[in-house]
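Student: Hey, could you walk me through this one? I'd like to know how the pieces fit together.
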Amino acid sequence: MTLALQRTRAPRLNNPTVFKLPCGLTIIAEQMPIDVVTLDVWARVGSAMEPDEINGMAHFLEHMVFKGTEQLKAGEFEQRVEERGAVMNAATSQDYTHFYITTAPKDFEELAPLQLDLVFNPTIPDVDFEPERQVVLEEILRSEDSPQRRGYRHMIESCFDRLPYRRQVLGPAAVIEGVTPQQMRDFHTSWYTPQNLTIVAVGNLPVETMVETVKRSVPEQFKQRKNSPVIPAAAILPEPILKQVSRHEFTDPSLQQTRLMMSWRVPGLQHVDDTYGLDVLASILSQGRTSRLIQDLREQRALVTSVSASNADYWAQGLFTISARLKAENLEAVEALVVEHLNRLRNTPVTEAEISRVRTQVANRFVFGNERPSDRAGLYGYYQTLIGDLEPAFDYPEIIRSITADDLQAAAQKYLNPEAYTLVVIRPEEKAA
């Protein structure tokens with residue numbers, strides 16, 4: 001379902017300027033009257049682009065970027081950031097990696113070139129590689145000790161047979177133990193190319209100042225890098241919609257309650273127009289105390305401790321998931337009731353009151369999510385990196401306002417088949433009598 005929408009544009013909160021350098025590098029800048037500046041560097045590379053043999057490399061590289069360049073010793077950038085009261089961090093996902101810093105405007109012209117030097121020119125020194133490998137292995141170990149992450153891993157591995165989203169962003173410990181500094185340098189050279197990067201600067205400086213600072217920081221040798229590798233077809237071709245229920249059961253001795261997850265393969269961000277109705281359906285089902293699943297399963301029937309619906313927008317394919325925490329004896333009843341709610345969505349149009357509630361929630365979240373330079377920098381970097389266009393970000397509230405009950409019913413009928421989904425149940429380990 002692709003929505004053909006007639007949109008009445010409201011006054012925009014956002015007014016960024018997009019620059020494209022001849023080498024292919026994208027720069028986005030916006031002046032905002034809040035006395036900080038955020039610089040956010042986005043790379044279109046995450047765990048989904050890695051072959052199995054180096055799964056976890058993008059995340060490990062995120063760590064090693066901070067180990068210095070020819071001009072910066074390891075730890076020097078962090079020291080300068082702390083001395084000026086700035087904050088910095090980085091994150092890696094399946095579809096992207098980004099590095100960000102928020103600083104006072106007066107310090108931007110000093111710190112921005114240093115941050116860009118780290119991203120463009122990391123030396124990935126041998127002397128720091130092994131100690132940082134141990135840090136990453138410890139992070140993997142901690143993730144394996146987290147019930148939430150274990151549950152997510154069971155769910156994602158059960159939902160995808162082929163797409164690399166089924167793997168963990170951190171990678172397996174056995175793989176990380178074997179990667180080499182040269183492999184990482186080659187990975188950086190291949191993926192950190194001008195065409196694959198977006199640099200976003202938002203804050204209380206003139207756009208021209210921010211853009212010129214970034215342009216001066218781009219080294220000539222970086223501009224000459226070739227296009228990034230072609231992403232393998234296995235990483236971008238959606239998997240077929242299920243034709244029946246696929247059931248998976250696990251035990252986890254750390255749990256106090258049983259976890260239930262029901263998931264459907266749905267469109268990803270490469271088909272962004274098909275995701276909006278699913279976003280609204282997730283809100284109707286579980287956003288707020290008056291939403292359908294919370295009101296029915298938790299408030300009225302007391303069958304679950306918690307219940308939520310989400311529409312996860314990976315690039316190649318998304319997952320619509322309904323999750324609940326409950327007593328094991330309620331599993332059958334809750335699954336049947338979720339199926340009943342989906343049948344109702346497919347057979348009966350949602351009410352105007354429900355759609356109006358979601359429209360208000362979406363509009364408010366958009367306003368609140370635009371208050372800080374870091375919010376806007378993240379918004380622009382995310383959409384430009386994954387979609388190559390900022391308009392869907394700006395249009396999102398208007399798109400949601402334009403969605404009708406018929407649109408939602410069509411989305412439910414097309415994607416949320418109550419007779420075909422992935423069911424994951426994770427039970428507490430039974431205690432011996």
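Tutor: Sure, we'll go through the sheet, a hairpin, a helix pair and some aromatic rings. Keep in mind that this is a predicted model.

Student: Okay, sheet first. In what order do the strands of the open sheet come?

Tutor: The order is E1-E2-E6-E3-E5-E4, six strands in an open sheet with mixed pairing.

Student: Which ones are the edge strands?

Tutor: Those are E1 (17–20) and E4 (87–92), and each of them pairs on one side only. On average, neighbouring strands in this sheet are turned by 15° against each other, ignoring direction.

Student: How many bridges join E4 to E5?

Tutor: Six, and E4 and E5 (residues 97–103) run antiparallel. If you want a spot to look at, find Met-88: its bridge partner in E5 is Ile-101.

Student: And what holds strands together in general?

Tutor: Strands of a sheet pair through backbone hydrogen bonds, and they can do that parallel or antiparallel.

Student: Which strands does H1 touch when it packs on the sheet?

Tutor: H1 touches E4 and E5, and its direction makes about 165° with that of E4.

Student: Switching topic: what do E9 and E10 form?

Tutor: A hairpin, with four residues between the two strands. E9 (residues 304–312) and E10 (residues 317–326) pair in the antiparallel sense over eight bridges. In that pairing, Ser-310 stands opposite Thr-321 in E10.

Student: Now helices. At what angle do H10 and H15 pack?

Tutor: H10 (residues 276–286) and H15 (residues 391–402) pack at about 55°, and their axes are 11 Å apart. The two helices are therefore oblique to each other. Their crossing is right-handed.

Student: Which residues make that contact?

Tutor: From H10 you have Tyr-276, Asp-279 and Val-280, and from H15 there are Pro-392, Tyr-396, Ile-399 and Ile-400. Sorted by class, the contact of H10 with H15 has six nonpolar residues, one charged and no polar ones.

Student: Last thing, the rings. How many aromatic pairs does the structure hold?

Tutor: There are 14 aromatic pairs. One of them is Phe-60 with Phe-129, at 4.8 Å centre to centre and with 35° between the planes, and this pair is tilted.

Student: Why does that pair tie together parts that are apart in sequence?

Tutor: Because Phe-60 lies in H1 (residues 57–64) while Phe-129 lies in H4 (residues 126–144), the pair links parts that are 69 residues apart in sequence. You've met H1 already: that's the helix packing on the sheet at E4 and E5.

Student: Nice, thanks!

Methods:
Residues are numbered from 1 along each chain as its sequence is written. This is a predicted model: local features need pLDDT of at least 70, side-chain atom pairs count only at pLDDT 80 or more; totals for chains, interfaces and linings use all residues. Side-chain values use heavy atoms; hydrogens and water are left out. Axes are lines fitted to C-alpha atoms, for helices over the stretch in contact, and angles run from 0 to 180 degrees between N-to-C directions. Angles under 35 degrees count as roughly parallel, over 145 as roughly antiparallel, 65 to 115 as roughly perpendicular and the rest as oblique. A crossing is left-handed if the near helix is turned anticlockwise from the far one by less than a right angle, and right-handed if clockwise. Contact means heavy atoms within 4.5 Å. Ala, Val, Leu, Ile, Met, Phe, Trp, Tyr, Cys and Pro count as nonpolar, Asp, Glu, Lys and Arg as charged, and the others, Gly among them, as polar. Two strands pair if DSSP finds at least two bridges between them. Rings of Phe, Tyr and Trp (its six-membered ring) pair if their centres lie within 6.5 Å; planes under 30 degrees apart count as stacked, over 60 as edge-to-face and the rest as tilted.
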